[in-house]
Amino acid sequence: MKVTIVDYNSGNISSVINSFKEVARDKVNIEVTSDLNKIKSSDKVVLPGQGSFKSCVDALNNINGLVDTLNEFAITNKKPLLGICVGLQMFADIGYEETETKGLGWISGKVSKIDNKNGKYKLPHIGWNQINIVKESKIYKNIENNSHMYFVHSYEFIPKDKTVISATIDYSSKIVCSVEKENIFGTQFHPEKSDKIGLKIINNFINL
Amino acid sequence: MLKNRIIPCLDVKNGRVVKGINFVDLKDAGDPVEQAKIYSDGGADEICFLDITASNENRDTIYDVVEKTSKKCFVPLTVGGGVRSVDDINKLLNCGADKVSINTAAVQNSEVVVDSSKKFGSQCIVVAIDAKKNEDRWEIFTHGGRNNTGINAIEFAKKMEDSGAGELLVTSMDRDGTQVGYDIDLMFKISSKVNIPVIASGGVGNLDHLVDGIKLGNASAVLAASIFHYGKYSVKEAKEYLNSKGIPVRI
């Protein structure tokens, strides 16, 4: 089994790499690359993302053929893919961070700034929040409802089809914190920084 | 509901912990990796390393420490001390730090904050504000508290938010090391002025001080060093105490 973490200059991915290697040990091969052939031959792909929606989309587009390869992997071949943080947000049709930017369009919807209720709520939403699991998701196997996950973001994904939502959190409003649509998984939180329970989610994804 | 965070801070000098946990079963009391692991296993919401290495030739020791720690601790890791440039930040992030705190460099040139938050995202840029009261205002100190800049700390906090900082780590130089509690006025004034989270630091001597930092100072997170180091309280005890006072924490 080979799991590829897509390295597309999206900022700091060391923690993602460390956590996947910790979970995989010697049983699963973890590759960190933007090589299109290596991505194509993977069993699973992880799409991390830090910084702004625009900077991540730009970084994806900067690597010739990467978006096509990811489309082929996740949409045509329906192989499992996990987006983390902005990696999840890029599933949307459109994002409004910095400027209006087109996303991958895998899960119809938009990414907008969290409403901070006139400054009543601090942004970024940083820290540990309890997830409310709203549908059975394979990555939540043996994960208790109301588990704590680590978040750091100012924007939220608002999908059109609410049935893709697998968990939400309460902040200034109800915020989508994970989605599952067939083979496509995404978490707004950082499983790689969510302690033992986060590692369990990574393990669930690896063992899909 | 978003929980308030407890962040133990370790002072690291030449790659070794200076003030650390004084546990008998520690194999190596000076090893920052082992101490960080104890904190994260004990429920710390984040770990903070403050590099106080004075000489330039030993500066690289922190990179090795961060790299090893990030392979063992799976909670957020913030690293500060001696961070001068976008390149320094890049190196720390590549070694596995999740956030980098900038102090003197942010005061000298706020473009470092602008540039680094654009390049890496605000989520990993923490500006550390060291402030001391001077009559009716607080002034920013740099170089580990040695230089008074005369800059108004509250205004500076706002400027850092506008420059792209994702969080502010606010330390009262009057209280640091005194164990008499945070400077609540300072925390509250800054927290009310900005819309980004504030981490309170400097002066914790008991668990009620942590409660005050959150309830009265309006801090999103509380940072402490010595109360955890010498085994006076464990992180777990601190969390249980906060919880008993009605403060939401991750337990």
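**Strand pairing, burial and contact in chains A and B**

In chain A of this predicted model, Thr168(A) has Val176(A) as its bridge partner in S13(A). This pair belongs to the junction of strand S12 (residues 165-170) and strand S13 (residues 174-181) of chain A, which run antiparallel and are joined by five bridges. Both strands are part of an open sheet of eight strands with mixed pairing, whose order in chain A is S2-S1-S3-S4-S14-S13-S12-S9. Strand S2 (29-33) and strand S9 (132-133) of chain A are the edge strands of this sheet, and each of them pairs on one side only.

Chain A also holds an open sheet of four strands, again with mixed pairing, in the order S6-S5-S7-S11. At its edges stand strand S6 (101-102) and strand S11 (155-159) of chain A; each has a single partner strand, so one side of each is left without a neighbour in the sheet. Within the sheet, strand S5 (residues 94-95) and strand S7 (residues 109-113) of chain A run parallel and are joined by two bridges. In this pairing Ile94(A) lies opposite Lys110(A) of S7(A), and Gly95(A) lies opposite Val111(A) of S7(A). The pairing of S7(A) with S11(A) is antiparallel and has five bridges. There, Lys113(A) has Tyr155(A) as its bridge partner in S11(A).

Helix H4 (residues 66-76) of chain A has buried residues at Thr69(A), Leu70(A), Phe73(A) and Ala74(A). Viewed down the axis of H4(A), the buried residues fall within an arc of 110°, so they line one face of the helix. Exposed residues, Asp68(A) and Thr76(A), are carried on the face of H4(A) that is turned away from the buried side. The cover over the buried residues of H4(A) includes one helix, H2 (36-40), together with strand S3 (44-47), strand S4 (81-84) and strand S14 (184-187) of chain A. The strands S3, S4 and S14 named here also appear in the order of the eight-stranded sheet of chain A. After H4(A) comes Lys78(A), which has a positive phi, near 50°.

A further residue of chain A, Ser14(A), is located in helix H1 (residues 14-24) of that chain. Ser14(A) has 21 C-beta neighbours inside 10 Å and therefore counts as buried, the cut-off being 20 or more. Its C-alpha atom is separated by 9.7 Å from that of Glu192(A), although the two residues are 178 residues apart along the chain. Leaving aside residues up to four places away in sequence, Ser14(A) touches residues of chain B, namely Ser70(B), Leu93(B), Asn94(B), Cys95(B) and Gly96(B).

The contact between the chains takes 30 residues from chain A and 27 residues from chain B. On the side of chain B that touches chain A, the largest share comes from helix H3 (residues 86-95) of chain B, which gives three residues. By residue type, this side of chain B divides into eleven nonpolar, nine polar and seven charged residues.

Chain B contains eleven strands and ten helices. Its radius of gyration is 17 Å, close to the 18 Å given by the globule rule for 251 residues, so chain B is as compact as a globular protein of that length. The C-alpha trace of chain B spans about 45 × 45 × 35 Å along its principal axes. Buried residues make up 55% of the 251 residues of chain B. Of the contacts in chain B between residues at least 6 apart in sequence, 64% join residues that are at least 24 apart.

Strand S11 (residues 221-224) of chain B pairs with two strands described here. With strand S1 (residues 5-13) of chain B, the pairing is parallel and extends over four bridges; in S11(B), Leu223(B) is the residue opposite Ile7(B). Strand S10 (residues 198-201) of chain B also runs parallel to S11(B), and two bridges join them. Here Ala200(B) lies opposite Val222(B) of S11(B). S10(B) and S11(B), together with helix H8 (residues 207-215) of chain B, make a right-handed β-α-β unit.

In a regular strand, side chains alternate between the two faces of the sheet. In S11(B), Ala221(B) and Leu223(B) point one way, while Val222(B) and Ala224(B) point the other way. All of these residues of S11(B) are buried.

Key: Residues numbered from 1 in each chain as written. Chains lettered and ligands numbered in written order. Predicted model: local features only at pLDDT ≥ 70, side-chain atom pairs only at ≥ 80, totals over all residues. Rg over C-alpha atoms; globule rule 2.2 N^0.38 Å. Buried ≥ 20, exposed ≤ 12 C-beta atoms within 10 Å, placed from the backbone. Contact = placed C-beta atoms within 7 Å. Pairing = 2+ DSSP bridges. Right-handed = clockwise from strand over helix to strand, strands pointing away. Nonpolar A, V, L, I, M, F, W, Y, C, P; charged D, E, K, R; others polar. Arc of directions from axis to C-beta.
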